[in-house]
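This briefing is intended for a reader who is meeting the structure for the first time. Please keep the sequence and the model in view while reading.

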Amino acid sequence: MFSLLKRKKVNPDAIADELWETSFKWYQKNRITPEENDQYSSGVTASGFSLELKKKSLFAWSNSRLFHYRDFHLEAKLSLAGSNGYSAAGIVFHYINEENFYYFLISSRGAFRCDVVFNANPIHLIEWTECPFIKEGEIDLRIIAHGSFYSFYIDDEWVAEFSDDTIPAGRLGLAAQNYNESENALINLKKLKVDSRPLQVEQAYYRWVHYIPVLPEYRRKLAETFFSMGRFTAAVVQLKKALRAGGESAELHFQLAASFLHLKLYDEALESIEKSLSLEPEKSEAVIEKANILYLKDEFARGRGYIKKIISSYKKNSLLWNLLGNNEFALKNWQAAYKAYKKAISLDNQLPIYLINAGRAAREMGERKEALDLYLQASRLLFKLEDYAEIYFLLPSVKQLDPENREVVALEGKILFHEQKFAEAEKLFSELIHSGYEESSVFFLYGLILAAENNRVAALKYLEQATQLEPDYYLYWFHLAEKLFLSGDDPMAALKKAFELAPDDHWVNNLYGLVLLRNGPLSDAGSYLQKALDQAPAERDILINFSEYLFRTEQHEKAFSVIGEGLKAAGDDPQLLNHRGNLFSRLKKHREAAADYEIALKADPDNPEYMENCAACSIELDMIMRAEELLLKLLERSPGASVYNRVGNLALIKREYKRAELAFKEALKLEPGNSEINLNLAALYLQQGLHKQAKELIIAILYKQPDSAGAVKLLTQLRKNYELKIECASCSREWWVPRELPPQRGLKLRGEPPGEAPAGKCPACGKIYCIACASDHLRDKRFVCADCGEFLKFSGDQLKYLIAKYIA
């Protein structure tokens with residue numbers, strides 16, 4: 001009988017067909033797992049189920065511990081605390097594990113987004129899209145999952161939909177994101193209702209997806225998001241639905257045409273443009289786009305006729321003149337094409353394509369000199385735009401016209417430079433320069449090649465000449481400043497000129513910040529590095545430099561937050577991880593540092609810097625076997641001085657003193673003046689009782705670096721164990737001599753020893769004086785004690801040893 005009352009065992013991973021509803025009251029069972037750690041905590045509170053994030057730049061979630069859902073109709077009431085700062089709340093669904101799930105977020109800035117994480121790689125399904133229904137306070141969110149189709153509603157208004165079959169089923173949960181405005185963020189899930197019963201899901205799907213109308217404006221907004229993401233097919237779907245829903249407008253048809261155009265569906269694009277123009281004949285973007293589509297459809301005669309019909313209203317539109325030239329060229333009307341291209345150039349002479357097109361037309365007309373001139377003008381613009389691919393395609397046409405022309409040779413050199421064939425490029429540039437050819441870009445590239453060869457003096461000479469030939473081009477000044485900075489020279493004059501010419505360039509601002517990081521004032525570096533990061537938030541080097549500034553100015557949390565944001569955007573970027581590991585190491589957080597170094601090594605296993613950093617960290621954590629494994633690999637692949645130094649440190653820990661000595665000596669063969677390695681060897685000698693060898697190294701270090709704390713510490717330790725201090729009774733001058741000395745022979749002073757030498761010891765009171773002090777107390781031309789009047793004598797082996805050193 002009792003067996004009949006046993007509760008049936010529940011499979012938590014089963015696909016559920018059920019209705020589950022909760023408002024997280026004390027009498028209701030809670031399925032979402034409470035969690036508590038140093039980064040976030042979650043659990044049932046008076047406000048529902050709460051998820052608190054305890055740090056900036058953190059994404060976290062708490063999942064239901066029971067059941068997977070495939071198709072479902074979910075309703076949730078969410079709220080974001082007013083004190084949060086920039087944050088977001090949402091739902092995790094079809095969760096398999098931390099590397100595979102969907103999430104939908106609603107931000108405190110009035111926007112939503114949806115992503116799928118697949119095999120730990122986040123894939124954007126809908127990027128941030130503004131929504132007028134998102135207001136402060138509570139937010140009602142509805143999600144319907146029907147097969148591979150998902151739709152989303154905020155306050156019962158449709159906001160988004162898409163089809164995706166990446167993950168067919170999984171758990172549900174509460175998701176939250178804290179950005180970088182506030183230290184904490186609090187998200188509340190007040191109510192949750194999930195219905196996964198097939199009939200009820202089907203009813204909800206047809207009701208919300210097919211019967212309840214959606215305002216065309218909302219579909220247009222989603223289509224704009226899809227278009228900006230390059231998801232043109234998804235944009236077409238939303239725009240067509242908006243038009244069917246009565247959103248007939250010139251703008252909608254124009255956006256639909258633009259989407260078709262990106263899909264290379266030119267017939268459909270033309271049809272949409274025609275509809276746009278029928279609704280708004282004067283819509284200039286549509287007028288011009290029609291001309292473009294006709295050309296892309298190869299309807300050259302029709303396109304020419306259309307442009308000639310409208311050109312009087314668009315006389316200053318260079319794009320239309322270029323399109324007219326394209327149509328004339330396709331119809332083999334070379335002169336008409338040339339004339340149209342020249343008109344486009346007169347309206348905008350900074351677009352290389354117009355010059356190239358005009359050059360093509362001139363070549364067909366037989367005007368070889370004109371064609372060459374136009375091509376070369378285009379190549380100069382392309383070089384400044386760093387568009388080497390276009391220069392590459394232009395080169396054969398130019399060489400065909402005049403292969404001996406020096407500018408053509410220069411063009412070939414630029415292509416070789418771009419292809420990293422530096423030796424060949426260097427030969428051409430050198431010949432050009434020595435022939436008297438003066439083009440700034442040739443001097444510039446030649447200087448860069450010489451800099452890469454560590455020919456610093458010559459490199460700076462040619463970079464400076466490039467700035468003189470074209471003083472208003474910021475890039476020349478920037479690279480000159482950069483090379484001066486890297487060589488340890490003062491780059492400020494060149495850098496100020498680059499900044500004057502391009503105050504908003506992110507690399508110029510980055511270099512300005514780096515110079516101030518090195519030379520100071522440190523406080524001024526932040527504004528330049530922040531500006532660089534604002535302009536190029538995805539640039540790894542700028543992220544690293546800005547975080548370095550924050551770290552040096554004791555803004556440690558912000559420094560880690562910046563790197564965290566970079567890692568979130570770029571994934572497990574090994575350079576960012578290595579840098580964060582370095583920051584942890586400087587804080588003596590070796591365990592966290594080691595974790596970052598290990599992940600960096602997974603991404604780039606043969607990187608010697610990551611291996612060495614990880615080995616150093618492993619030594620600090622007493623992970624001897626891991627450190628030795630890494631160092632042995634480094635010795636095989638890139639045995640530098642620092643590697644041998646670390647091998648020596650590891651051998652010291654293992655008490656392999658002979659191996660440590662050999663490693664330090666190998667390191668010093670590569671870098672004889674390295675004070676850290678000399679100190680390590682001195683410490684080893686001292687540990688082995690070889691105090692004479694240790695002292696020689698310590699004194700040599702202090703001679704070069706009198707403020708070396710490590711050398712001073714070792715010398716203090718050495719003196720405590722192996723030496724005695726002798727002191728002048730008058731001026732307190734100090735001498736240090738070995739504690740243990742063999743018997744010293746007697747000495748007679750001749751000549752004049754220096755003032756810092758000892759003058760002798762009083763046999764009566766035992767006081768010792770230096771020659772400088774004793775010189776004031778003479779009798780019969782001999783030194784006497786200032787107190788006793790007794791003649792000073794060199795008694796005792798220590799004093800004899802000391803005066804012998806001065807005589808020597």
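The points below describe selected helices, a sheet and one residue in turn. The model is predicted. Helix 6 covers residues 284–296, six strands form an open sheet, and helix 26 and helix 27 are roughly antiparallel to each other.

**Helix 6 and its surroundings**

- Helix 6 consists of 13 residues, and the distance from its first C-alpha to its last is 19 Å, close to the 18 Å expected at 1.5 Å a residue.
- The buried residues of this helix are A286, V287, I288, E289, K290, A291, I293 and L294.
- These buried residues pack against four helices, namely helix 4 (250–262), helix 5 (266–279), helix 7 (300–310) and helix 8 (318–330).
- Just after helix 6, the residue D298 adopts a positive phi of about 65°.

**The six-stranded sheet**

- The strand order in the open sheet is 5-14-7-8-9-10, and the pairing is antiparallel.
- Strand 5 (58–63) and strand 10 (121–130) are the edge strands, each of which pairs on one side only.
- On average, neighbouring strands of this sheet are turned by 20° against each other, direction ignored.
- Strand 9, which spans residues 111–118, pairs with strand 10 in the antiparallel sense over seven bridges.
- V117 has P122 in strand 10 as its bridge partner.
- In general, the strands of a sheet pair through backbone hydrogen bonds, either parallel or antiparallel.

**The pair of helix 26 and helix 27**

- Helix 26 (residues 624–637) and helix 27 (residues 641–653) have axes that come within 10 Å and cross at roughly 150°.
- Because angles over 145 degrees count as roughly antiparallel, helix 26 and helix 27 are described as roughly antiparallel to each other.
- The crossing in which helix 26 passes helix 27 is left-handed.
- On the side of helix 26, the contact is made by I624, A627, E628, L631, L634 and L635.
- On the side of helix 27, the contact is made by V643, Y644, R646, V647, L650 and I653.

**Residue A340**

- A340 is located in helix 9, which comprises residues 334–347.
- The relative accessible area of A340 is 3%, and the residue is therefore buried, the cut-off being under 20%.
- Leaving aside residues up to four places away in sequence, A340 touches W321, L324 and G325.
- A340 and N357 are separated by 17 residues in sequence and by 9.9 Å in space, C-alpha to C-alpha.

Definitions and conventions
Residues numbered from 1 in each chain as written. Predicted model: local features only at pLDDT ≥ 70, side-chain atom pairs only at ≥ 80, totals over all residues. Heavy atoms only, no water. Helix = DSSP H or I, 4+ residues; strand = E, 2+ residues; numbered from the N terminus. Expected span 1.5 Å × (residues − 1). Buried < 20%, exposed > 50% of the residue type's maximum accessible area, 1.4 Å probe, protein only. Contact = heavy atoms within 4.5 Å. Pairing = 2+ DSSP bridges. Axes fitted to C-alpha atoms, helices over the stretch in contact; angles between N-to-C directions. Parallel < 35°, antiparallel > 145°, perpendicular 65-115°, else oblique. Left-handed = near helix turned anticlockwise from the far one by under 90°.
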